[in-house]
Amino acid sequence: MKSPFAIFRKHQKVLMVVLTGLAMFAFVILDSLSQNMALIPPVFGFGVGLAIAWALTRNMQYSTAWMLVGAIVGTVLGSQLQATTAASEAVVQTSFGAVSEEDLAEVNNRQQMVNGFLIEAFRTAHEGDENANSFQLQQALFGGNGDPNREALMHLLMLEEAKEIGLDISQTQVKAYIDRVTSNKLSGRAFREITSRIGLSGEDLFDLLREQMVAREARAVLMPTLLTSPDDYWTAYQKLNVRQELTVVPIAAESFLDAVPKPSEDELKAMFEEYKDVFPNEKEPGAPGFRQPVRVKLGYLEVDYDQVASTIPEITDEEVAAYYEANKEQFRNDVTPAFPNEQPGMEEAEQPAESEAPAGNGPALMAPGSNNAEAGAESAETPTKEEAPADKPEADKPVASPENKPAAKDEKAPTEKPADAPAKAEGEDKPAAPAEKPEEKSAPPKEGEGSESPEEGSDGNEQSSLMSRPLGRAFASIQQPAPEEGSEPAAAEESEEKAEAEAPKPEDKPEDKPEEPAKEETPAKAEEKPAAEGDSAEKKEEPKPETSDKSAESTATAEGDSEPAEEPMQEEPLPEFRELDDALKAEIAKQLKDDKTLQKMAEMASQARGDMISINAKYAVAPEGEQAAAAEEIRKEAQAYAKANGLRYVETPLLSPSELEESEDHPIGGATEPVANPFERTEANTVVDQHFSVSNIDELARQKYRLFEAEDPSTLNRFVHWQVDYRASHVPTWDEEGVQEQVRETWRNTKAQELAKKRADEVLKMLKESDKPWSETLEGVTETGKEGSQTLVVSYTGPFSWLTRSSAPQTNPFAPPPMEITQIPIIFGGVDQTFMKTVFFDLSPGELGTVWGADHRYVYVVKPENRTEAETVRQDFMGPQANLFSFMSPYEMLARADTREVARLWLDSVYERYEVKWKDEEGESAE
């Protein structure tokens, strides 16, 4: 066998040339290629093409020419490979080249290294310093709070801008930046230790820090700054504080669709070409747009509530009783607690002292909580602060008569008239009540009405009665029980009856005939109304005259009294817990069945999700060319699983977020993640969120056959769902499926809007020329102006302002609520900034105009009315406003919102200047 060296010696000259060329290639060319990896594929193609041509044509006459052709072909193929590879890896295209995800990651990595150094330097320099200003460190760190890839691209764009304007940062400025962050406390030794720990040399660190400073400085120099002027604050103040009403007449664009002529294909193509690159409303509100949004196709298993409920056995009485006993607290009756003045021991504290009772408004009253009879007697003997004048005319006082003479305990007799005090009733063992204290003015009886017996009642001094029982006589009757027959009345009851008998009513006046006896029927009739109003309870509790019950009854009958009003029965107190009657049993049975149904549905959904994991995994493990077959196999197995387990399998068409959310054929679009507490449903992710809240289109692609669960809040149906397919956002072609129908529908809607606006102008002119109310002017007038269409309707809004504070829950409880546009219920389709600007700023009060709703389905003829006076608002604005310019004031928040809008517009201009186009730009955030 020949030695390998024999072959080398035989072809020594050729092999030396080859090895020398490879050495030159490695040390010269490859070193340059490492600085620009994009050149590797063309160079590699050049070498491969040259080698292949040499091997095939080395013995031919024109081998050199063929080798040159091979090199050229290899270079072209290598360049094509490089372009294809770059295009497949690039996530964004710019005027200075494609940027891959790796490029953006490298930018973020360099930024993190710089920030890591700054944090370590700050900690080392301020070690042991409790007063270190951490806010200073936060201001020094680089990067934003947005999407990392977007921030990285902005960094690259600002480096390009810095080159154009000649912006640079010197070594001295970099060192000064480090000294500022560390407060000049970082030693050289500490600097070297930190750079060593993070794996950087001092020179590399300065280069990285200079790069970050250049990008930040370029952004600060070029980005416009919005300065909030006093006029901006005044505008914001008006938006929140000026209120007005509107008179509106809506005109629907839909009413004019039948009047739109059929378009030609050229007209449709012209509209398509004009708006194919934009989304609807992108150019302006109501403008067409045919760029296709991201769409997904879903497959899902549905667990139907009604179907599962039909399999649940009926709830037995034993189950109901057991649940009732175990959860009795749920069925506790809602018994209203006692009012504060009804609590024991609180009456005296709430009532005014006897000596503090106002003079002239009734007798001095005892504290209602007192039950001491002797105290009541002492109170009766104590004169008020203001005695009745001695020269008071006798006519001012009522004249006692046998018919209207009250019992001693019911009416206070003046001390100067002891003879008028009623004597003790016959057969009564109790002593007569002591003489009462004098009074400034007694209450004379009304004409035709004598002093009433306690059964008949006397309103007496209502003010004093309410002072004694602030919550009324009905509540007072609950406070004290009625005295037993033959027992001595309590002093508190005496005081209350005296107050009612003696206190004058506002309408009480001395009568010309005080001695005329009252008709017997009058007291009963007068008492009928109070009895109906709840005063019968008080009558029941009032003490009777000092005669026996039988004698009083016989006397009343003998005198021809009418029958007393029937006393209503007092309601029995509610039991502590609800009685387990048939209604409650049915309620508990329904609750138990619902709980069992939902529990079984949750178990079925959980089981289905577990089984579908193994089925859907077939797509992930399928080779590249066999994924379509795997998807079809998954569909068939899902259908079979649904049939075997009493579920329903459904596949949706490709739907955008709005189409999925509004779909009537597929209610899964309105479902949310299952929640244990229904009040937490507003915080749960919707199905739209689950499938479209992704950071980029690649993540959306990776979600294929990933399983989610959801629940329909209206039907309680459960879903196990996954993404079957998706379509990225793109500019459509004319022949693409569904595009021509979309263009035709948009054309018809646009022309109908034009006709609706023309009709609104006609109605506006009609109203301006009329001096009658709108309802009279438009009586019988139709929307389209043609007979048979909808009659115009005049509507009126309530008062509203341009902006209002949001009532939505806030993640930060200390932050003020954000501002949002006030929504007006009768404005169909909502309102937007253009609508509010028209009705608040463009139209004066009483001025007529037209304006579109937010979705351009209705155009409105409007008239602002009852607007807040401008001078009043201006005076409030010019007055002392403690929070007008504070950081958390709503006006400052509105100003900051304008600043963000300016920043957004500037960013758009930068993107346009550098021709920035993200891979599937609008689709990468599919929300």
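**Figure 1. Arg189 and Glu193 pair up in helix α9.** In this predicted model, the side chains of Arg189 and Glu193 come together in a salt bridge, with N and O 3.5 Å apart. Why can these two reach each other? They sit four residues apart in helix α9, which covers residues 188-197, so about one helical turn separates Arg189 from Glu193. Arg189 is exposed, at 60% relative accessible area, while Glu193 is partly exposed, at 39%. Side chains of opposite charge can pair when their charged atoms come close.

**Figure 2. Lys269 meets Glu265 in helix α12.** Here is another salt bridge, this time between Lys269 and Glu265, and their closest N and O atoms are 3.6 Å apart. Both residues belong to helix α12 (residues 265-275), where they are four residues apart, or about one turn of the helix. How open to the surroundings are they? Lys269 is partly exposed, with a relative accessible area of 35%. Glu265 is partly exposed too, with a value of 46%.

**Figure 3. Glu632 and Arg635 join up in helix α23.** Zooming in on helix α23 (residues 627-644), we find Glu632 and Arg635 three residues apart, about one turn of the helix. Their side chains form a salt bridge, with an N to O distance of 2.4 Å. Glu632 is partly exposed, with 32% relative accessible area, and Arg635 is partly exposed as well, with 26%.

**Figure 4. Salt bridges link Glu106, Arg110 and Glu211.** This view moves from pairs to a network: salt bridges tie Glu106, Arg110 and Glu211 together. For the wider picture, how many salt bridges does a search of the whole structure find? The count comes to 36.

**Figure 5. Four strands make an open sheet.** Follow the strands across this sheet and you meet them in the order β5-β4-β7-β6, with antiparallel pairing. Which strands are at the edges? They are β5 (648-651) and β6 (708-711), each of which pairs on one side only. From one strand to the next, the twist averages 30°. In general, strands of a sheet pair through backbone hydrogen bonds, either parallel or antiparallel.

**Figure 6. Strand β4 runs antiparallel to β5, and α23 packs on the sheet.** Strand β4 takes in residues 295-303, and four bridges join this strand to β5. Look for Gly299: its bridge partner in β5 is Glu651. Helix α23 packs on the sheet, where this helix touches β4, β5 and β7. The direction of α23 makes about 150° with that of β5.

**Figure 7. Helix α22 lies across three strands of the sheet.** The helix in this close-up is α22, made up of residues 582-621. Which strands does α22 lie across? They are β4, β6 and β7, the last of these covering residues 718-727. Helix α22 runs at about 35° to β7.

**Figure 8. Nonpolar side chains form a patch on the surface.** Val14, Met16, Val18, Leu19, Leu22 and Trp54 make up this nonpolar patch, and together they have about 570 Å² of accessible area. Where does the largest share of the patch come from? Helix α2 (residues 12-33) supplies five residues, the largest share. Val18 is found in helix α2, and this residue is partly exposed, with a relative accessible area of 43%.

Key:
Residues numbered from 1 in each chain as written. Predicted model: local features only at pLDDT ≥ 70, side-chain atom pairs only at ≥ 80, totals over all residues. Heavy atoms only, no water. Salt bridge = Lys/Arg side-chain N within 4 Å of Asp/Glu carboxyl O. Helix = DSSP H or I, 4+ residues; strand = E, 2+ residues; numbered from the N terminus. Buried < 20%, exposed > 50% of the residue type's maximum accessible area, 1.4 Å probe, protein only. Pairing = 2+ DSSP bridges. Axes fitted to C-alpha atoms, helices over the stretch in contact; angles between N-to-C directions. Contact = heavy atoms within 4.5 Å. Patch = residues over 30% accessible without salt bridge, like charges linked within 9 Å, V, L, I, M, F, W, Y side chains within 5 Å. Areas by Shrake-Rupley, 256 points an atom, 1.4 Å probe, with all protein chains shown as cover.
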